[in-house]
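Q: Please take a close look at a single part of this model. Then set that part in the context of the rest.

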Amino acid sequence: MTSPARDARTDAREHDPDDFERLCPLAELELNVIREATVGGRTVCVVRTTAGVFAFGAVCPHQGGAMRDGIVKGTMDPSPRNVYHFGHQGEVVACPWHGYEFDVRTGESVCGVIRGRVGSYPVEVRGGDVYCSPRRRKPRPSKPA
Amino acid sequence: MIYDWDRHAAVPDYRELFPYMDASWAKHFERGEFLGSIAESSNHIRMSVRWGLPPVSAGAAAEADLSLVVPHQGVAINGWADQVAATVFAGAMNSYAREHWTADRQAPAIVVSPHDPAWSAGEIRRRAAEGGFAAIALPFGPVLFGSAHYDPVYAAASDVGLPIVAHYSGVEGRYAGAAPLSGGVHYSAFSRNALLPHLAESNISSLAFEGAFERFPAVRFLFSGVGFSWLPSLLWRIDREWRTFRHDVPWVTRVPSSYVLERVWVTSWPVREATLGGDWERLFHDEAFRGRVVFGSHEPFDGDSVTDLRDQLGAADAAQVLGNGEGLLARSQAVGQ
């Protein structure tokens, strides 16, 4: 499984800070309300959750659902039958069309439900404003079988 | 190699089982209403044109390197009201089967009871220790196969390395003790017969979503006599549900079809159901699906011969299906448990 919190592997500081673009004041981002923004000429989704501020792709890789209409949530970790371990609140976004879950930190499909991923973009908060890099994070290298 | 995983054998007269059970139980079974009513329906209850005729057996397939014998009279205990008597009957049937239906290229299945998992687990271990059996015949009960109810059966199956074979008895959808069919109770025996794939679809879905494949990674299942053309669409549907609702079944840690495509097989009878309109080529072009279909003649109940299989599927695909049964052979050592 892609564990939403622990598998975040890249950090905004890995990117050239010069390519970050200012999006909006942090105060304008309502909690768990996804909004679209343009960064480097492409549309991305930006959201402030209880886990932080994140930017991810605007289109679900499954069938093209608009991620701006997605739901910010947590999810269940793998567990024995009839046992639930809920966690990762604010670290998961679900597509509005089929409910596929994506890790907002990495863009990867939670638990590998599908192979595709939404884009994931580094975000920084500087002086009360939200900045986003247009450089999409690279996917994690595939693990050997 | 050729494997026929669905052949049937019957006790010609139920009184032949009496030497294999306690004498007092034999007196219990000696009653006319038992011998009369059950002997009447030996040829697959209401599932054969031979219904009411003397019991028939197929014996080993001439071309097959191994034939699995399903004692269908024993499988019919899923409809019995007296579940204690059912275990006595099944135990006697297993003793009879070992003595009469075990040969070089033929092996019977151990009949167990879906109503009594503890007894069934003990019976599996006893019979496996005796040797001569190639599978475990688990009749369709009212509790679906994914339930923890069957955990003792699966633990025993894992230990002895024999596959679970689920073949209908003919009372499903009719007798209260057996599995119902989807939708309701059918008036017609022919409706029930046509809809028997429900049994396999329901139980495969249950195995997947209730985490049984995760709990018992060494157990293999064969759904027998219930067709196969429904398998690709079923797997697409259960995968779709999982992709959307994985968080509701977090014990299913990977796409459900992946378990099925590793550990579940289906028999080929009736092979014609997938050869109309090119369905075989269309639905089973993928090796992942084609590899799940094993030859099951269903003899002596108007089944398919090896020649039928070759005529319908072509020589190359028939050869694969005839050999696919190798995946169900007994494992000398259990894996993963």
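A: **A close look at chain A, then chain B**

Buried residues make up 39% of the 145 residues in chain A. A residue is buried if 20 or more other C-beta atoms, placed from the backbone, lie within 10 Å of its own, exposed if 12 or fewer, and partly exposed in between. This is a predicted model, in which local features need pLDDT of at least 70, side-chain atom pairs count only at pLDDT 80 or more, and totals for chains, interfaces and linings use all residues. Residues are numbered from 1 along each chain as its sequence is written, while chains are lettered from A and ligands numbered from 1 in the order in which they are written.

Chain A has zero helices and ten strands. Helices (H or I, at least four residues) and strands (E, at least two) are DSSP runs, numbered from the N terminus.

Now the single part: Val118(A). It sits in the loop between strand E7 (101-103) and strand E8 (120-121) of chain A. Val118(A) counts as buried because it has 26 C-beta neighbours inside 10 Å. Its C-alpha atom is 5.0 Å from that of Gly57(A), 61 residues apart along the chain. Beyond its neighbours within four places in sequence, Val118(A) is in contact with Phe56(A), Gly57(A), Cys60(A), Pro61(A), Met67(A), Phe102(A) and Gly107(A). Contact means that the C-beta atoms, placed from the backbone, lie within 7 Å. Across chain A, residues 24 or more positions apart account for 54% of the contacts with a separation of 6 or more.

Next, chain B. It has 15 helices and eight strands. Its C-alpha trace spans about 55 × 45 × 45 Å along its principal axes. Of its 337 residues, 53% count as buried. Residues 24 or more positions apart account for 81% of the chain B contacts with a separation of 6 or more.

The largest nonpolar core has 101 residues, of which Ala109(B), Ile136(B), Ala137(B) and Val165(B) touch the most other members. Such a core is a set of buried Ala, Val, Leu, Ile, Met, Phe, Trp, Tyr and Cys residues joined through C-beta atoms within 7 Å. Helix H4 (residues 83-100) of chain B gives the most to this core, with eight residues. Apart from it lies another core of 31 residues, among them Ile34(A), Val44(A), Ala55(A) and Cys111(A).

Finally, the two chains meet. Ten residues of chain B are in contact with 16 residues of chain A.

Note on methods: Two residues are in contact if their C-beta atoms, placed from the backbone, lie within 7 Å.
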